[in-house]
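User: Hello! Could you teach me how to read a few features in a structure like this one?

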Amino acid sequence: MGLPSVRTPYRPSAARPEIGLAAMAGAMCIVPVMDAIAKHLALALSPTEIACLRFVFQTALLLPFAALTGRPLRTSHLGLHAARGALIGMALIPLVWSLQVLPLANAIAIFFVEPLILTLMSYVLLGERFGPRRLVAVVVGLVGAMVVIRPNWSEFGAASLLPLVTAVMFAGYLTLTRHSATEEDPVSLQLWAGIFAAIFLTLALVVGGVFGIDVMAPSLPDASQFAWLAGMRSSSAPAYTSTCANAASRAAARSRGARRTASWGSLHCWCARTSPPLADAAPPPRYSPGRVAETAAIRILNNGGVPGLARSLAWA
C-alpha cells in the first residue's frame, strides 16, 4: 500500500549548512522548554486549548514570514495538508494530557518510541526497505518501550499510554510530510499543517464546550497564560527544521552526484539512510562536507539523539 503521488513543482533552494545546523541546535534547546511550558499551562487550561492556541500563534508567526519572503502558498493538495494538520493537532492533545499526570521525563521517554513506529510506517506507506537486522532493532526498541511503560502503568494507569498515542499520530504526520516534502515549499508545508491543526482543534473545543468534556473544555487564559502560550510559538523553529530535514533526505534519494562530489554524495546518502542516486536522475545540488555534516546531524536527531543513533548503527 502506498500514498498518492504529489506533483506540485517545487525546487529547493541552495543548501546553507551553517544555518541548518544552527536551527537544529536551537530546536533541541527549545523542545524541552516547550514541553515544560505545556506542563505548567496544563494545570489551568485543557490540553486541547493549549494545543489549539499553540498552532494559532504558530500560524500568526509563519504567515507574515511566508508573505514577506515570497514563499509559494498555493497548493493543490489541501486534502493531504488537512490530514497532516489533523494528525499533528490531535497528537498534541494526549501528550499535554499525559503531562497533567506523568512526570515530564517519563512522558518523553515513552514518546521516544516514535522513530520505531515511523520506520514501520515508512516501510508500509512509502515503500522504504530495511533489512532483517533493522527489523529486529525495531522489535527490541518496542520491547524496551514496554519496559518503560510497565512501571508507569502500575503507578499512573492508562495515562501512561497517552504519549504512545501521540507517538503513533506524530509518526503518521511525519510520514505524510516526508511523502510531500520535496514537491512543496517547507514553509508552506508547515503553514498549511498549522492552519488545519488550528481549525480541527477549534472544532474540538466547540464540541468540548457543548458537551462538557474536560479535556476539550475551552476557557479564557489570563495575561500570564497568554504570555506563556505566545512563548510556545517558538515551536515553529523545530517544526520547520523537521520539515526541511525531510525535504533534504528525499532530495538526496532522487539526485545524482557529479563526479567531483561523488564521494561526498555517497556519504550524504549513508547519513540520510537513503538509496544511492539513480543514474538517470536530475542533477543535484553540490555536495560538500558542510552538507554531509548537516545531514548527519539530522540523522542523530531523527534517531532520538546520540544513544538512538548508536543503537541504529549497531543493527543497521
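User: Let me start with a single residue: is Asp185 buried or exposed?

Analyst: The general idea is to ask how much of a residue's area a 1.4 Å probe can reach, with only protein chains counted: under 20% relative accessible area is buried, over 50% is exposed, and anything in between is partly exposed. Asp185 has a relative accessibility of 5%, so this residue counts as buried. Two notes before we go on. This is a predicted model, where local features need pLDDT of at least 70 and side-chain atom pairs count only at pLDDT 80 or more, while totals for chains, interfaces and linings use all residues. Residues are numbered from 1 along each chain as its sequence is written, and side-chain values use heavy atoms, with hydrogens and water left out.

User: Which residue does Asp185 meet in a salt bridge?

Analyst: A salt bridge is called when a side-chain nitrogen of Lys or Arg is within 4 Å of a carboxyl oxygen of Asp or Glu. Here the partner of Asp185 is Arg71, at 2.9 Å from N to O. Arg71 lies in the loop between helix H2 (47-68) and helix H3 (78-99), and Asp185 in the loop between helix H7 (162-180) and helix H8 (186-211), so the pair ties together parts that are 114 residues apart in sequence. Arg71 is partly exposed, with a relative accessible area of 25%.

User: How many salt bridges does the structure hold?

Analyst: It holds two. In the other, the side chains of Glu128 and Arg178 come together at 2.7 Å, N to O. Glu128 sits in the loop between helix H5 (114-125) and helix H6 (132-156) and Arg178 in helix H7, so this pair joins parts 50 residues apart in sequence. Glu128 is partly exposed at 24% relative accessibility, while Arg178 is buried at 12%.

User: How are the helices defined, and how many helices does the chain have?

Analyst: Helices (H or I, at least four residues) and strands (E, at least two) are DSSP runs, numbered from the N terminus. This chain has 13 helices and zero strands. Helix H4 (residues 104-111) is a nice example: Ala107, Ile108, Ile110 and Phe111 are buried there. These residues cover an arc of only 160° around the axis, which puts them on the same side of H4. The arc is that of the directions from the helix axis to the C-beta atoms.

User: Which residues does Glu114 touch?

Analyst: Contact means heavy atoms within 4.5 Å. Leaving aside residues up to four places away in sequence, Glu114 touches Ala167, Phe170, Ala171 and Leu174. Glu114 is found in helix H5 and is buried at 7% relative accessibility. Leu174 belongs to helix H7 and is buried too, at 10%. The C-alpha atoms of Leu174 and Ile88 are 8.8 Å apart, although 86 residues separate them along the chain.

User: Which residues do ring pairs link into a cluster?

Analyst: Rings of Phe, Tyr and Trp (its six-membered ring) pair if their centres lie within 6.5 Å; planes under 30 degrees apart are stacked, over 60 edge-to-face, and the rest tilted. The whole structure has three aromatic pairs, and ring pairs join Phe111, Phe170 and Tyr173 into a cluster.

User: And what about the chain as a whole?

Analyst: The chain has 316 residues, and buried residues make up 45% of them. Among contacts between residues at least 6 apart in sequence, 82% join residues at least 24 apart.
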